[in-house]
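Q: I've got a structure open and I'm not sure how to read its features. Could you walk me through a few of them?

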Amino acid sequence: MKNRNILLCVSGGIAVYKASALTSKLVQAGANVKVIMTESAREFVSPLTFQALSRNEVYTDTFNEQNPKVISHIDAADWADLIIVAPATANIIGKLANGIADDMLTTTVLAAEAPVWVAPAMNVHMYDHPAVKRNISVLYQDGVRFIEPSEGYLACGYVGKGRLEEPELIVERVREHFKEPEDDAPLKGKHIVITAGPTREAVDPVRFFTNKSTGKMGYAAAEAAVRLGARVTLISGPVSIEPPVGLYQFLPVQSAADMREAVLSVFDSCDMVIKTAAVADFTPAAVSDHKMKKKDGSLVIEFNRTADILKELGERKTHQLLVGFAAETQDVERYARRKLEQKNLDMIVANDVKAEGAGFGTDTNVVTFYFRDGRKRELALMSKLDVSFEMLKEMTALKAGDRKPV
Ligand code: CTP
């Protein structure tokens, strides 16, 4: 992490003392560290501690503009390669989730484009409170990553989940985040876009249509691609698993329309796309503003077709390699080959979701690869991570021209 700029945002909880250890460890690891403290954080530890450890002046007040040439919260936001909010209190999580910007910490985070990691620390019951959970879920959907608190003795006397993660482990994650791929990493320099999970198509404010996808295949593909040195953008529908460490970008989405927009925003700059997502083919024609009330008799909902994202990419592609997934319950080869042709893909990964060890929610899969030159390659039952390594090997060969892409 040499010469990486890390902005450490410290809010007020007893764990502020651990944030000072974190500052020291980040600096020792070679990072440039600047610290922002909230007023409450300063009740626990003096800014001088952080100034001495970071060897930088500590920001405490939005209006304390020392340098007339810059606006300090914008300057700090632009400077950062990574922002870590640690410890993050329930209050600061609530403010960030709601876009409140009433101090130096919150205005800076709102102005930043760098990835934001939040490391909560609070009483176990506070961490469990529906309001905190709701705010965490909102931030998660905004693309914020969380460093989960660990379990143990809490300053309030309770034992449970709420302790700020140990500084050593946070530093490890930062190191992972900034790790440059080895020079001989097979996918070094390649930008891969991976879509994962289901989509949700709303019909009213509390109801939606979705499917059984858990995101496991796409998340495994993202992990494998990161390990092989790629720059990975993971675009994910709502799932309950954690994104792998080391992603370049994580873009959470809800509906098929959101997913299309996210994919198109990165398509021009990428080299390969892997579409594992189970995208809804239909979406309710009208979304009610209010919860639909039950009535006697049956309910008829009209659906419209969603855009076929992969087909659109197939029409637009210039240099990008496109890989689709086909989950089928019958006639797997015929349907898979048809999708390969119709969507103008380079390769399709097909599975019979009814087969033992394959399909939704499992950690394993049984797949066959189909290519445009008529080849096919059947794989035995293996983990989704191993399927991903095999898939990426094939993609690398296609991209290198060992086998001709379409
Ligand atoms: N796909 C997509 N956009 C859609 C539907 C599917 O990008 N609106 C992508 C999926 O991510 C997958 C591939 O197309 O990579 C095949 O998806 P699948 O659901 O198996 O096929 P469909 O094209 O929806 O065809 P069908 O419903 O007839 O099986």
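Q: How do I describe the way helix α1 and helix α9 pack?
A: The general idea: two packed helices are described by the angle between their axes and the distance between the axes. Keep in mind that this is a predicted model. Here, α1 (residues 16-28) and α9 (residues 167-178) pack at an angle of about 40 degrees, and their axes are 9 Å apart. That angle makes α1 oblique to α9. As for handedness, α1 and α9 make a right-handed crossing.

Q: Which residues of α1 and α9 meet?
A: On the α1 side you'll find Lys 18, Ala 21, Leu 22, Lys 25 and Leu 26. They meet Pro 167, Glu 168, Ile 170, Val 171 and Val 174 in α9. Sorted by character, the residues of this α1 and α9 contact come out as 7 nonpolar, 3 charged and no polar.

Q: Let's try another pair. At what angle do α4 and α6 cross?
A: Helix α4 (residues 72-79) and helix α6 (residues 104-111) cross at roughly 50 degrees, and their axes come within 8 Å. α4 and α6 are therefore oblique to each other. Their crossing is right-handed. To find the contact, look at Ser 72, His 73, Ile 74, Ala 76 and Ala 77 in α4, which meet Met 104, Thr 107, Thr 108 and Ala 111 in α6. The contact of α4 with α6 has 5 nonpolar residues, 4 polar and no charged.

Q: And α5 with α8: is that crossing left-handed or right-handed?
A: α5 passes α8 in a left-handed crossing. The axes of α5 (residues 90-97) and α8 (residues 130-141) come within 9 Å, crossing at roughly 45 degrees. So α5 and α8 are oblique to each other as well. From α5, the residues Ala 90, Ile 93, Gly 94, Leu 96 and Ala 97 meet Val 132, Asn 135, Ile 136, Val 138 and Leu 139 in α8. That contact of α5 with α8 divides into 8 nonpolar residues, 2 polar and no charged.

Q: Now for annotations. Which residues does UniProt place under "binding site"?
A: An annotation comes from a record, so treat it as a pointer to places worth finding in the model. The unreviewed UniProt entry places "binding site" at Asp 281, Lys 291, Phe 325, Lys 339 and Lys 343. These positions are spread over 63 residues of sequence, and in space they lie up to 37.3 Å apart between C-alpha atoms.

Q: Where does Phe 325 lie, and what does Phe 325 touch?
A: Phe 325 lies in strand β16 (residues 321-328). Leaving out residues up to four places away in sequence, Phe 325 touches Met 217, Ile 274, Lys 275, Thr 276, Ile 348, Val 349 and Met 391.

Q: What about Lys 339: where is it found?
A: Lys 339 is found in helix α13 (residues 332-342). Lys 339 has a relative accessible area of 26%, so Lys 339 counts as partly exposed. With residues up to four places away in sequence left out, Lys 339 touches Ala 326, Glu 328, Asn 344, Leu 345 and Ile 348. Ile 348 is thus listed for Lys 339 and also for Phe 325.

Q: One last stop. Which residue does UniProt list for "active site"?
A: The unreviewed UniProt entry lists Cys 156. Look for Cys 156 in the loop between β6 (150-153) and β7 (159-163). At a relative accessible area of 45%, Cys 156 is partly exposed.

Methods:
Residues are numbered from 1 along each chain as its sequence is written. This is a predicted model: local features need pLDDT of at least 70, side-chain atom pairs count only at pLDDT 80 or more; totals for chains, interfaces and linings use all residues. Side-chain values use heavy atoms; hydrogens and water are left out. Axes are lines fitted to C-alpha atoms, for helices over the stretch in contact, and angles run from 0 to 180 degrees between N-to-C directions. Helices (H or I, at least four residues) and strands (E, at least two) are DSSP runs, numbered from the N terminus. Angles under 35 degrees count as roughly parallel, over 145 as roughly antiparallel, 65 to 115 as roughly perpendicular and the rest as oblique. A crossing is left-handed if the near helix is turned anticlockwise from the far one by less than a right angle, and right-handed if clockwise. Contact means heavy atoms within 4.5 Å. Ala, Val, Leu, Ile, Met, Phe, Trp, Tyr, Cys and Pro count as nonpolar, Asp, Glu, Lys and Arg as charged, and the others, Gly among them, as polar. UniProt positions are given in the numbering used here, feature names are shortened, and annotations may be inferred rather than shown by experiment. Buried means under 20% relative accessible area, exposed over 50%, partly exposed in between (1.4 Å probe, protein chains only).
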